[in-house]
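Visitor: I am new to this structure. Please take one part of it, look at it closely, and then lead me outward from there.

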Amino acid sequence: MIIKQFSEMPISEEIKHAISDIGFEEATGIQAESIPLILSGKDVIGHSHTGTGKTAAFSIPAIEIIDKALKKATQILILCPTRELAIQACDEIKKLTKYKRFIKTVPIYGGQPIERQFEALKGGAQIIVGTPGRVMDHMRRKTISFSHLKMVILDEADEMLSMGFREDIETILKDVPEERQTILFSATMSDEIMEITKLYQHEPEIVKITREEITVPNIDQYYYEIPAGKKTEALSRLLDRYNPSRSIVFCNTKKQVGDLAEELSAMGYCVGGLHGDMKQNDRTRIMNGYRKGKISILIATDVAARGIDVDDVEAVFNYDIPQDLEYYVHRIGRTGRIGKQGTAYTFVCGRRQIYELHDIERYTKSKIHLMRIPTSDELSDALNVKLTEEISKTIEEGGLEEFNEILDSLFGSYSSVEICGALIKKLIETGSYNTHNKHDDIAFEEEGKKIRLTMNRRSDSDRDRRGRSQQGDRRKQNTRSAARAPRREHTDESGMDKISINVGKKHRVSAAHILGAVAGESGLPGKTFGRIEILESCTIVSVPKENTKKVLDAMKGCKIMGYKTVTRKL
């Protein structure tokens, strides 16, 4: 029997008290199954997506096994793929150790002065939460010791491997005591993940939370057919129509995040952009603003969003269709969390993306419903309702007496209706209650008709055959990596430059690692690149001449499989 109530679990009263303060009552599926297994001393593989409460699933038992008698010796090591996730996990652990004041938790990650971390570690820390590269740095400097380590936790293990941290992880696991408990949590179970578990875990128990449990029941999913160049306008209309108190907009590239944040900010929305190139101070500032409600719209890439753990996200917008089916699951899992209702909106442009959307439906075993972009008239009606509600709320709150003197001076010349009408007009002209140009409605309607007309011309058998073919191809492409390289035997190499990257077969890199790096760093689609030839000590990549400089600049300082690369034009 799986215990769902924290009050019935075999955990200390201090932890129960802290959980009560946080507001947790019933354990999620991953928590209910994982906590007892980890407490029993078993190695565990947790297969669970975002939004299931997995940080508490490993943190609660980790806290419970800490021996107070060992004083400040490090007993728990948690490895995370990103700084944001490390900070988030550390914050949650500090909440859980509220009544165990002898426990000290320290985050260590790149992007922060290492001297500051020396100071934090000087007095010792029972729990260290860090990124692999910075943990290895401290190990080399002997500023941390794992001689008393009891447990190692690999959080978001799939993401750490896709970011090239495998060798770092293996180096760390080889240097810590063999007599330890090893916990691994991952959203996907690739061959690489299974290799890690075989090498470094002892008879692990597998806890798997199915996709359907997470994404489908509490999330309404819709899509909109958007003409090229009109996505920002469409997003603006939906934000005005539904007015979510907190939302996340996902883009595929760092450049798109910056451009969209700038556009929406110019329109008067409270937005913040999040991507991998940002300085830590800026990331922290934006996330703090988002959590406190000062920023209502967060625009992010998939990698930057890993580690964001914010409840009450009302809506997720897929501004760009995700480049991998798994990413769709991760994205919409940001809303509808812990039993709450959420909504996901996806923008599609053209026939090809319609087929990609059908693949997503098959993959998630869910229906994504077609919706129409609100017209200017509908939007105007919605904004009028919103304005009426806010005026009514202001009246009910009271405190309007200080404006009586102004009103008295106006009543001598105008009626109350004229005064109110003028104030509302002024508010609309200077505030955020702006309606959209009605002529733009035509573009949205025409694009939808064009896509549906073209789709309907295909026979049912032709459409089904194409769907099956694309689904099969996509399954093959996604068995290993989101960045898997497409077949390139017949690529036209004219108009291409060749660049050399100083990693090759001896570094155990694949075409997927190379393509993921050059596409991810440059922000260009994977199909932009031509032939990828992996030699013993280097890799040759064909790049369109107009993009060569951009790729070379973007690859400066890039790491692939943990190796710092040097890229040059041949």
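Guide: Start with L77, whose bridge partner in strand 5 is V152. This is a predicted model, so read each position as a prediction. Strand 5 covers residues 151-154, and four bridges join it to strand 2. The two strands run parallel. Strand 2 itself spans 76-79.

Now widen the view to the sheet around this pair. It is an open sheet of seven strands, in the order 3-4-2-5-6-1-7. Its pairing is parallel. Strands of a sheet pair through backbone hydrogen bonds, either parallel or antiparallel. At the edges stand strand 3 (105-108) and strand 7 (205-208), and each of them pairs on one side only. From one strand to the next, the twist averages 15°.

Step back along the chain from strand 2. The loop between helix 3 (54-64) and strand 2 holds K71. K71 is not a glycine, yet its phi is positive, at about 55°. The side chain is not hidden: K71 counts as exposed, at 64% relative accessibility. A second lysine can be set beside it. K365 also has a positive phi, near 55°, and is a residue other than glycine. K365 sits in the loop between helix 16 (350-364) and strand 14 (369-370). At 59% relative accessibility, K365 counts as exposed.

Go forward instead, to helix 4 (residues 83-96), where C90 is found. C90 is buried, with a relative accessible area of 1%. C90 and V106 are 16 residues apart in sequence. In space, their C-alpha atoms are 7.1 Å apart. Does C90 form a disulfide, or does it stay unpaired? The closest cysteine sulfur belongs to C80, and it lies 9.4 Å from the sulfur of C90. A disulfide needs the two sulfur atoms within 2.5 Å, so this pair is too far apart for a bond. The count for the structure comes to zero disulfides. Another cysteine, C558, is buried too, with a relative accessible area of 6%.

Helix 4 also holds E84, which is tied to a distant part of the chain. E84 forms a salt bridge with R291, and the closest N and O atoms are 3.6 Å apart. R291 lies in helix 13 (residues 280-292), so the bridge ties together parts that are 207 residues apart in sequence. The two ends differ in cover. E84 counts as buried, at 3% relative accessibility. R291 is partly exposed, with a relative accessible area of 29%.

How many salt bridges are there in the whole structure? A search finds 24. One of them joins R331 to D302, with the closest N and O atoms 2.7 Å apart. R331 lies in helix 15 (residues 325-332) and D302 in helix 14 (residues 302-305), so this pair ties together parts 29 residues apart in sequence. Both R331 and D302 are buried. In another, the side chains of E361 and K367 meet at 3.9 Å, N to O. Here E361 counts as buried, at 13% relative accessibility. K367 counts as exposed, at 53%. There is also a network of salt bridges, which links R166, E170, E192 and E195.

Next comes a piece of the surface. I391, I395, L400, F403, I406 and I424 make a nonpolar surface patch of about 510 Å². Take F403 from that group. F403 is in the loop between helix 17 (376-397) and helix 18 (404-411). F403 is partly exposed, with a relative accessible area of 40%.

Finish with another sheet, to set against the one where we began. This open sheet has four strands, in the order 16-17-15-20, and its pairing is antiparallel. Strand 16 (532-534) and strand 20 (567-569) stand at the edges. Each has a single partner strand, so one side of each is left without a neighbour in the sheet. The twist here averages 25° from one strand to the next. Inside the sheet, strand 15 (residues 496-501) is joined to strand 17 (residues 539-544) by six bridges. These two strands run antiparallel. Look for I499: its bridge partner in strand 17 is V541. Set that pair beside L77 and V152, the bridge partners that opened the tour.

Note on methods
Residues are numbered from 1 along each chain as its sequence is written. This is a predicted model: local features need pLDDT of at least 70, side-chain atom pairs count only at pLDDT 80 or more; totals for chains, interfaces and linings use all residues. Side-chain values use heavy atoms; hydrogens and water are left out. Buried means under 20% relative accessible area, exposed over 50%, partly exposed in between (1.4 Å probe, protein chains only). Patches are made of residues with over 30% relative accessible area and no salt bridge: like charges are joined within 9 Å, nonpolar side chains (Val, Leu, Ile, Met, Phe, Trp, Tyr) within 5 Å. Accessible areas come from the Shrake-Rupley method with a 1.4 Å probe; for residues, only the protein chains shown count as cover. A salt bridge is a side-chain nitrogen of Lys or Arg within 4 Å of a carboxyl oxygen of Asp or Glu. Two strands pair if DSSP finds at least two bridges between them. Axes are lines fitted to C-alpha atoms, for helices over the stretch in contact, and angles run from 0 to 180 degrees between N-to-C directions.
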